[in-house]
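Dear colleague,

I am passing the structure below on to you, together with some notes on what was found in it. Please keep it open while you read.

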Amino acid sequence: MAADSPTVSINDESATVDVAVLADGLGIEAADISSLIRQGRLTSKFEKGIGEDAGRCRLTFWMDAKRFRIV
């Protein structure tokens, strides 16, 4: 990853998270992420704030009993 590359990128409808950030947050190997997604063991949810939380986003990732959240 280049030093100036964003680790999290958010637009109006989606977000992108660098695999190294996700792997670190869940305590897994980055190389395992694609396989875990295909198996349905790694899932995510993207939420946009409303009301007093407007302009904020929350990304939540689940793998087995682990959860990693980025706000």
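Which residue in β5 stands opposite Phe-61? The residue is Phe-68, and the notes below lead up to that pair and then away from it.

Some words on the source come before the findings. This is a predicted model, in which local features need pLDDT of at least 70 and side-chain atom pairs count only at pLDDT 80 or more, while totals for chains, interfaces and linings use all residues. Residues are numbered from 1 along each chain as its sequence is written, and side-chain values use heavy atoms, with hydrogens and water left out. The pLDDT, which is the predictor's confidence in each residue on a scale from 0 to 100, averages 90 over the chain, and 92% of the residues score at least 70. Confidence is lowest in strand β1 (residues 8-10), with a mean of 87, and highest in α2, at 97.

The chain has two helices and five strands, arranged along the sequence as β-β-α-α-β-β-β; helices (H or I, at least four residues) and strands (E, at least two) are DSSP runs, numbered from the N terminus.

Strand β4 has a partner in both β3 and β5, where two strands count as paired if DSSP finds at least two bridges between them. With β3 (residues 42-48), β4 pairs in the antiparallel sense over seven bridges, and Lys-45 stands opposite Thr-60 there. With β5, β4 pairs in the antiparallel sense over five bridges, and in the hairpin of these two strands, which has two residues between them, Asp-64 takes a positive phi near 55°.

Five of the seven residues of β4 are buried, meaning under 20% relative accessible area with a 1.4 Å probe, counting protein chains only. Both Phe-61 and Phe-68 are buried too, and they form an aromatic pair that is stacked, at 6.3 Å centre to centre and 25° between the planes. (Rings of Phe, Tyr and Trp, the last by its six-membered ring, pair if their centres lie within 6.5 Å, and planes under 30 degrees apart count as stacked.) A search of the whole structure finds one aromatic pair.

The largest nonpolar core, a set of buried Ala, Val, Leu, Ile, Met, Phe, Trp, Tyr and Cys residues joined through side-chain atoms within 4.5 Å, has 13 residues, and Leu-22 and Phe-61 are among those with the most contacts inside it. At least two residues of this core come from each of α1 (19-26), α2 (33-39), β4 (57-63) and β5 (66-70).

With kind regards

Methods: Buried means under 20% relative accessible area, exposed over 50%, partly exposed in between (1.4 Å probe, protein chains only). Rings of Phe, Tyr and Trp (its six-membered ring) pair if their centres lie within 6.5 Å; planes under 30 degrees apart count as stacked, over 60 as edge-to-face and the rest as tilted.
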